[in-house]
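Student: I have a protein with a bound ligand on my screen, and I would like to practise reasoning from values to terms. Could you take me through it?

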Amino acid sequence: MIKVIKDPGQMQAFADTQRRAGKRIAVVPTMGALHEGHLSLIRIARGQADLVIVTIFVNPTQFGPGEDFSRYPRGLDSDSELCAGAGADVIFAPEISAMYPDGYRTFVNVEGITDVLEGAVRPGHFRGVTTVVTKLLAITKPDVAVFGQKDAQQLVVIKRLVRDLNVDVRIVVGPIVREEDGLAMSSRNVYLAPAQRAEAAILFRALQTGHSMIRNGERNSSTVRQALTSMISMQSSGTVDYVSLVDGETLKEKESLADGDEVLLSLAVRFGGTRLIDNLPLRV
Ligand code: AMP
């Protein structure tokens, strides 16, 4: 049985002891309901450290009103088995009241790059993410923290956070793990009805279409955005929240593309009450 720690103080003490014994620590922050995407990050962490900590915490402060916090899938028993199988050593799974006790008053805010894309649609989301990630790093004291490319904006924001706050941790990125038809794995995919699940493969096909348009010389980003938006609307029942082409670091929308630009093509699409995101980082 894998070791599960629930108390932040105990986690911190354990991490301290391990560090003092010379162990390199890697942490993989998750919200549980683990799938192959998470497991790939745990395996990356395993290759970089002596002690691999997986955090499992459905963080209420990153969910907005009306979002899926209460129905978000949870299952610590099966998650524990998956973690152990992928090579994790410890699970840190705190209660909400331990992370945000009465009187809690402190939030971390990264400015500018958090009010576009996901942040524009989900106000307050990144304030919750950056706050909980700061706490998780302070509690687990890792040398390395592993995040997935799946949440591309989150990655840019967290890299900015650790640079700006001089947090002594190396951020490692794992590529997006996909289902056979290209749908990016996500804990939220279980919400999809069978017909929606089949249609959801359109997200990756749209990203690939965008990629080939750019590879074939398209340099007007609104042409790409419009083509993908109408492709998704015409070929599925999905509602497009956004299709976006931004600078990979500043996350500013690109009007035109120039050879050598590092850009992020990303999209968010709703199928009924389920919101899916996907992205492709590109070099023009
Ligand atoms: P979550 O549990 O959804 O908060 O995700 C925890 C971590 O797993 C984040 O760093 C995500 O980017 C990453 N992740 C989620 N899905 C995937 C995927 N399909 N491939 C790679 N990483 C993923």
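Student: What makes the pair formed by a polar side-chain atom of His38 and an oxygen atom of the ligand a polar contact?

Tutor: Good place to start, and keep in mind that this is a predicted model. The polar side-chain atom of His38 lies 2.9 Å from an oxygen atom of the ligand. A polar contact needs a pair of N or O atoms within 3.5 Å, so this pair qualifies.

Student: Which backbone atoms come up against the ligand in the cases of Gly148 and Met185?

Tutor: For Gly148, a backbone N or O atom lies 2.8 Å from an oxygen atom of the ligand. For Met185, a polar backbone atom is 2.9 Å from a nitrogen atom of the ligand. Taken alone, the ligand exposes 480 Å², and the protein buries 92% of that.

Student: Which elements give two or more residues to the shell around the ligand?

Tutor: They are strand S2 (25-30), helix H2 (36-46) and strand S5 (144-148). The largest share, 3 residues, comes from H2. In total, 17 residues surround the ligand, and the closest are His38, Gly148, Asp151, Val177 and Met185. By type, the shell divides into 9 nonpolar, 6 polar and 2 charged residues.

Student: Which residues of H2 are buried, and what covers them?

Tutor: The buried ones are Gly37, His38, Leu39, Ser40, Leu41, Ile42 and Ala45. Their cover includes S2, strand S3 (51-56), helix H3 (76-86), S5 and strand S6 (170-174).

Student: Why is Thr30 called buried?

Tutor: Its relative accessibility is 7%, and buried means under 20%, so Thr30 counts as buried. Thr30 lies in strand S2. Leaving aside neighbours within four places in sequence, Thr30 is in contact with His38, Val54, Thr55, Ile56 and Phe57. The side chain of Thr30 also reaches the backbone nitrogen of Gly32 at 3.0 Å.

Student: Is Ala84, in helix H3, buried, exposed or partly exposed?

Tutor: Ala84 has 39% relative accessibility; that is neither under 20% nor over 50%, so the term is partly exposed. Ala84 and Tyr104 are 20 residues apart in sequence and 33 Å apart in space, C-alpha to C-alpha.

Student: Where does Tyr104 come up again?

Tutor: Among the contacts of Met99, which, neighbours within four places in sequence aside, are Pro8, Phe57, Phe92, Pro94, Tyr104, Val132, Lys135, Leu136 and Ile139. Met99 belongs to the largest nonpolar core, of 41 residues, where Met11, Ile53, Phe92, Met99, Val133 and Ile171 touch the most other members. Apart from that core lies another, of 25 residues, among them Ile202, Ile214, Leu267 and Leu280.

Student: How do you know that Ile232 is buried?

Tutor: Its relative accessible area is 0%, and the limit for buried is under 20%, so Ile232 is buried. Ile232 has its place in helix H10 (residues 221-235). Neighbours within four places in sequence aside, Ile232 is in contact with Ile202, Ala206, Val240, Val243, Leu267 and Val269.

Student: How do you know that Ser266 is buried?

Tutor: Again, set the value against the limit: a relative accessible area of 5% is under 20%, so Ser266 is buried. Ser266 lies in strand S8. Not counting residues up to four places away in sequence, Ser266 touches Leu117, Tyr242, Val243, Ser244, Asp278 and Asn279. Ser266 and Asp278 are 12 residues apart in sequence and 5.8 Å apart in space, C-alpha to C-alpha.

Student: What is notable about the phi of Asn166 and of Leu251?

Tutor: Asn166 has a positive phi of about 55 degrees although it is not a glycine. Leu251, also not a glycine, has a positive phi of about 65 degrees. Asn166 is found in the loop between helix H7 (152-164) and S6, while Leu251 lies in the loop between strand S7 (239-247) and strand S8 (262-271).

Student: Why is Asn166 called exposed and Leu251 buried?

Tutor: Asn166 has 65% relative accessibility, which is over 50%, so Asn166 counts as exposed. Leu251 has 3%, which is under 20%, so Leu251 counts as buried.

Notes
Residues numbered from 1 in each chain as written. Predicted model: local features only at pLDDT ≥ 70, side-chain atom pairs only at ≥ 80, totals over all residues. Heavy atoms only, no water. Core = buried A, V, L, I, M, F, W, Y, C linked by side-chain atoms within 4.5 Å. Buried < 20%, exposed > 50% of the residue type's maximum accessible area, 1.4 Å probe, protein only. Contact = heavy atoms within 4.5 Å. Near = heavy atom within 4 Å. Polar contact = N/O pair within 3.5 Å; in protein donor to acceptor, adjacent residues only side chain to side chain. Areas by Shrake-Rupley, 256 points an atom, 1.4 Å probe, with all protein chains shown as cover. Helix = DSSP H or I, 4+ residues; strand = E, 2+ residues; numbered from the N terminus. Nonpolar A, V, L, I, M, F, W, Y, C, P; charged D, E, K, R; others polar.
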